[in-house]
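Work through the exercises below with the sequence and the coordinates at hand, and attempt each task before reading its solution.

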Amino acid sequence: MDDGVESYEDLNKMREQQIKNVATDHFALNHFHDQLMSQIVHLAVEKVKKRVGATSLSFFIFF
């Protein structure tokens, strides 16, 4: 994954490091949140692909 992020722990560390830079600007905070959520979903999809293989479904419910 981009930015050296390969785990949820990496994402949490990145969030903790960068949240102070965006906390006072709601536009920057919203953008940061969107990027973080996108990376979380990407990691989740990759984890599922490793576990069950690629799927032809257009959606997936994570449990």
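**Exercise 1.** Locate Ile19 and Val22 in the secondary structure, and decide for each whether the residue is buried, partly exposed or exposed.

*Solution.* Ile19 is found in helix H1, where helices are DSSP runs of H or I with at least four residues, strands are runs of E with at least two, and both are numbered from the N terminus. The model is a predicted one, in which local features need pLDDT of at least 70 and side-chain atom pairs count only at pLDDT 80 or more, while totals for chains, interfaces and linings use all residues. Residues are numbered from 1 along each chain as its sequence is written, and side-chain values use heavy atoms, with hydrogens and water left out.

For the accessibility step, buried means under 20% relative accessible area, exposed means over 50%, and partly exposed lies in between, with a 1.4 Å probe and protein chains only. Ile19 has a relative accessible area of 28% and is therefore partly exposed. Val22 is also placed in helix H1, but its relative accessible area is 13%, so Val22 is buried. Asn21, which lies in H1 as well, is exposed because its relative accessible area is 63%.

**Exercise 2.** Which residues do Ile19 and Val22 touch, once neighbours up to four places away in sequence are set aside?

*Solution.* A contact requires heavy atoms within 4.5 Å. On this basis Ile19 is in contact with Leu29 and Phe32, and Val22 touches Ala28, Leu29 and Phe32.

The C-alpha separations to Phe32 can then be listed:

- Ile19 and Phe32 are 13 residues apart in sequence and 8.2 Å apart in space.
- Asn21 and Phe32 are 11 residues apart in sequence and 9.9 Å apart in space.
- Val22 and Phe32 are 10 residues apart along the chain, with 7.5 Å between their C-alpha atoms.

**Exercise 3.** Determine how H1 and H2 are oriented, and which residues make their contact.

*Solution.* Axes are lines fitted to C-alpha atoms, for helices over the stretch in contact, and angles run from 0 to 180 degrees between N-to-C directions. H1 and H2 pack at an angle of about 175°, with their axes 11 Å apart. H1 is therefore roughly antiparallel to H2, a label that applies to angles over 145 degrees.

From H1 the contact takes Tyr8, Leu11, Met14, Arg15, Gln18, Ile19 and Val22, and from H2 the contributors include Ala28, Leu29, Phe32 and Lys47. Sorted by type, the contact residues comprise 12 nonpolar, two polar and two charged.

**Exercise 4.** Which residues make up the largest nonpolar core, and what share of the chain is buried?

*Solution.* A nonpolar core is a set of buried Ala, Val, Leu, Ile, Met, Phe, Trp, Tyr and Cys residues joined through side-chain atoms within 4.5 Å. The largest such core has seven residues, namely Val5, Leu11, Met14, Val22, Phe32, Leu36 and Leu43. Helix H1 (8–22) and helix H2 (26–52) are the elements that give two or more residues to this core.

For the chain as a whole, the secondary structure comes to two helices and zero strands, and 16% of the 63 residues count as buried.

Definitions and conventions:
Angles under 35 degrees count as roughly parallel, over 145 as roughly antiparallel, 65 to 115 as roughly perpendicular and the rest as oblique. Ala, Val, Leu, Ile, Met, Phe, Trp, Tyr, Cys and Pro count as nonpolar, Asp, Glu, Lys and Arg as charged, and the others, Gly among them, as polar.
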